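This report is meant to be read beside the sequence and the coordinates. It takes up the confidence of the model, then its cysteine pairing, and then the surroundings of a loop residue and a strand.

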Amino acid sequence: MPRPRVLQWTPFALVAAIAVLIATVALITADDSDGDPQDVRIVARQVGDGRAEVALQVRSESHTWGERILPDQRFLAPDSEAGIWRSSSVISLDATDDADGVDPAAVGLTATAEMRGPAGEPMGAVTIIQGPRGLLIQARLSGVPEGWHGFHIHETGSCAPDFTAAGGHYNPTGIGHGVLHEDGHHPGDTVNIYAHADGTANVDQYTVDATLGAGAATLFDADGSAIIVHEAPDSYGADPAAGARIACGVITLS
């Protein structure tokens, strides 16, 4: 008989999942039955008629998310404590108090990306602040063509020589592209930004999918990360369709 999966969660997290209906609601750092840390997340998606399907996923050692543990697969054991979610599976998880998997030592860290265009011209800056639940991303840009533009975190902290060195979108978990992806999107995805006629774009965004501290989704892995602005808007689907890279900045700790 497989042992049950046990997850400590708060009623607030479940309410948020149903109310907001976004792909990833909470990332939880948990210990498996051997005491090794693992990431577990609550995911939700709309299934029609205003109803939400809420499920769990566990991230494997290869940093990919496992299959959903769906609502009809979960149960509360008669002897379970309040706030314990049990589901039939091969491991047992006892969650820590770190509800979103953020390294407490990282809270308050700040990183910046000095943005430049293809000819090296300054195009403003992006500031990233580590909070207790995720990252606040603040872009203050100039010289951007008027209209909507894709705005992404890329996998390598390099812009030379023509921004291709930044690689693809930051995607440590191997999940699909697009904020409308039914299984969730990778951490490099953000929403589009809009530049006004004077070339300015002032943007605040927030993500719970990446961190400045330690962890599988840190922006400071072995080769770092970068911010890219594209010439066209992101499609939010499987094909980004955002076109050429018109600005790039390497993310560095302030």
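The model is predicted, and its elements are not equally reliable: helix H1 (residues 11–20) has the lowest mean pLDDT among the elements of the protein, at 41, whereas strand E8 (residues 110–116) has the highest, at 98. Residues 1–26 have a pLDDT below 50, although this stretch makes 71 contacts in the model beyond near neighbours in sequence. For the protein as a whole the mean pLDDT is 76, with 62% of the residues reaching 70 or more. The two stretches with values below 50 are set out here.

| Stretch | pLDDT | Contacts in the model |
|---|---|---|
| Residues 1–26 | below 50 | 71, beyond near neighbours in sequence |
| Residues 74–100 | under 50 | 79, beyond four places in sequence |

Where pLDDT is low, the predicted coordinates should not be read in detail.

Turning to the cysteines, the count of disulfides comes to one, and this bond joins Cys159 to Cys248 with an S to S distance of 1.9 Å. The pair links distant parts of the chain, 89 residues apart, with Cys159 in the loop between strand E12 (151–154) and strand E13 (193–195) and Cys248 in strand E16 (residues 245–253). The torsion about the S-S bond of Cys159 and Cys248 is about -80°, and the disulfide is therefore left-handed. Cys159 and Cys248 are both buried.

The loop between E12 and E13 also holds Asn192, which counts as buried because its relative accessibility is 12%, under the 20% limit. The side chain of Asn192 reaches the backbone nitrogen of Asp234 at 2.7 Å. Leaving aside residues up to four places away in sequence, Asn192 touches Trp148, His149, Gly150, Gln205, Pro233, Asp234 and Tyr236.

One residue of that list, Gln205, leads to strand E14 (residues 201–207), where Gln205 points to one face together with Ala201, Val203 and Thr207, and these four are buried. Asn202, Asp204 and Tyr206 point to the other face of E14 and are not buried. In a regular strand the side chains alternate between the two faces of the sheet. Strand E14 pairs with strand E10 (residues 135–141) in the antiparallel sense over seven bridges, and within this pairing Asp204 of E14 is the bridge partner of Gln138.

Technical notes:
Residues numbered from 1 in each chain as written. Predicted model: local features only at pLDDT ≥ 70, side-chain atom pairs only at ≥ 80, totals over all residues. Heavy atoms only, no water. Disulfide = S-S within 2.5 Å. Helix = DSSP H or I, 4+ residues; strand = E, 2+ residues; numbered from the N terminus. Buried < 20%, exposed > 50% of the residue type's maximum accessible area, 1.4 Å probe, protein only. pLDDT = per-residue confidence, 0-100. Contact = heavy atoms within 4.5 Å. Polar contact = N/O pair within 3.5 Å; in protein donor to acceptor, adjacent residues only side chain to side chain. Pairing = 2+ DSSP bridges.
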